[in-house]
Amino acid sequence: FGKEDAAMSLGWIYAGVADLYEVSEDGRQGAALSNYTNAATFTFARRFTPALSLGVTLRYIQQNIANINAYTVGFDFGAHVRFVRDWYIGKARIPMSKVRLGATLHRVGQKYPWTTTKYWVGQGQSSGSSANEKFPLIGRAGITTAWFGDRALISFDGEFNQKQST
């Protein structure tokens, strides 16, 4: 968009596994099983000031395993901060204009509501079960700075995942 202050992106990912079959308790191969994922994304990002850019991704995911479908919608958020001026402490110059900070939060609000009733009724059983599989939140943050006339870039980042240690 005008003056490179904003950007949009559309994305689609399809992933699947072929030749997947049911196997009985005695090892006999049964019917073919479906197993695929579709993910569609829309991202919008904007630079609001020379120092601050923000972005958001809307994500829709459909998962199919053995003809059992689950759908979810979620968001990712991101921020980028750039210091536009150097700092001075007395006469000492701190080159803050070379420092960039970034942070993201992924999978906000995403969960799969699974229901296996359709599958098990098709197998001759009377019912199935239901569960909500919540996606773990993932947060990332990083800092980078350029040194030696922008010939070296020094970076540090970290990640937080609800299901793993930092």
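**Close-up views of a predicted model**

**View 1. The open sheet.** Seven strands make up an open sheet, ordered β1-β4-β5-β6-β9-β12-β13, with antiparallel pairing. Its edge strands are β1 (6–16) and β13 (152–161), and each of them pairs on one side only. Neighbouring strands of the sheet are turned against each other by 15° on average, direction ignored. The model is predicted.

**View 2. Strands β4 and β5.** Strand β4 covers residues 35–49 and strand β5 covers residues 52–65. The two run antiparallel and are joined by 14 bridges. One position to look at is Thr37, which stands opposite Gln63 in β5.

**View 3. Asn38 and its contact with Trp12.** Asn38 sits in strand β4. Is Asn38 buried or exposed? Its relative accessibility is 17%, so Asn38 counts as buried, the cut-off for that class being under 20%. The Asn38 side chain makes a polar contact with the side chain of Trp12, at 3.0 Å.

**View 4. The nonpolar surface patch.** A nonpolar patch of about 990 Å² lies on the surface. Which residues make this patch? They are Met8, Leu10, Phe42, Val56, Leu58, Tyr60, Tyr71, Val73, Phe75, Phe77 and Leu105. Strands β1, β5 and β6 each supply at least two residues of the patch. The largest share, four residues, comes from β6. In a regular strand, side chains alternate between the two faces of the sheet.

**View 5. Leu10, a member of the patch.** Leu10 is one of the residues that make the nonpolar patch. Leu10 lies in strand β1, an edge strand of the sheet. Its relative accessible area is 73%, so Leu10 is exposed; that class begins over 50%.

**View 6. Strands β9 and β12.** Strand β9 spans residues 99–108, and strand β12 spans residues 138–147. How many bridges pair β9 with β12? There are eight, in the antiparallel sense. Gly102 stands opposite Gly142 in β12.

**View 7. The β12–β13 hairpin.** Strands β12 and β13 run antiparallel and are joined by 10 bridges. Together the two form a hairpin, with four residues between them. Phe148, in the turn, has a positive phi of about 55°. Ile138 has Asn161 in β13 as its bridge partner. Strand β13 is an edge strand of the sheet.

**View 8. Asp19, positive phi in an exposed loop residue.** Most residues other than glycine have a negative phi. Asp19 has a phi near 55°, a positive value in a residue other than glycine. Where is Asp19 found? Asp19 is in the loop between β1 and β2 (20–23). Its relative accessibility is 65%, so Asp19 counts as exposed.

**View 9. Ala66, positive phi in a buried loop residue.** Ala66 is not a glycine, yet has a positive phi of about 55°. Ala66 lies in the loop between β5 and β6 (68–82). Is Ala66 buried or exposed? Ala66 has a relative accessible area of 9% and is therefore buried. Views 8 and 9 show two loop residues: Asp19 is exposed, whereas Ala66 is buried.

Note on methods:
Residues numbered from 1 in each chain as written. Predicted model: local features only at pLDDT ≥ 70, side-chain atom pairs only at ≥ 80, totals over all residues. Heavy atoms only, no water. Pairing = 2+ DSSP bridges. Axes fitted to C-alpha atoms, helices over the stretch in contact; angles between N-to-C directions. Buried < 20%, exposed > 50% of the residue type's maximum accessible area, 1.4 Å probe, protein only. Patch = residues over 30% accessible without salt bridge, like charges linked within 9 Å, V, L, I, M, F, W, Y side chains within 5 Å. Areas by Shrake-Rupley, 256 points an atom, 1.4 Å probe, with all protein chains shown as cover. Salt bridge = Lys/Arg side-chain N within 4 Å of Asp/Glu carboxyl O. Polar contact = N/O pair within 3.5 Å; in protein donor to acceptor, adjacent residues only side chain to side chain.
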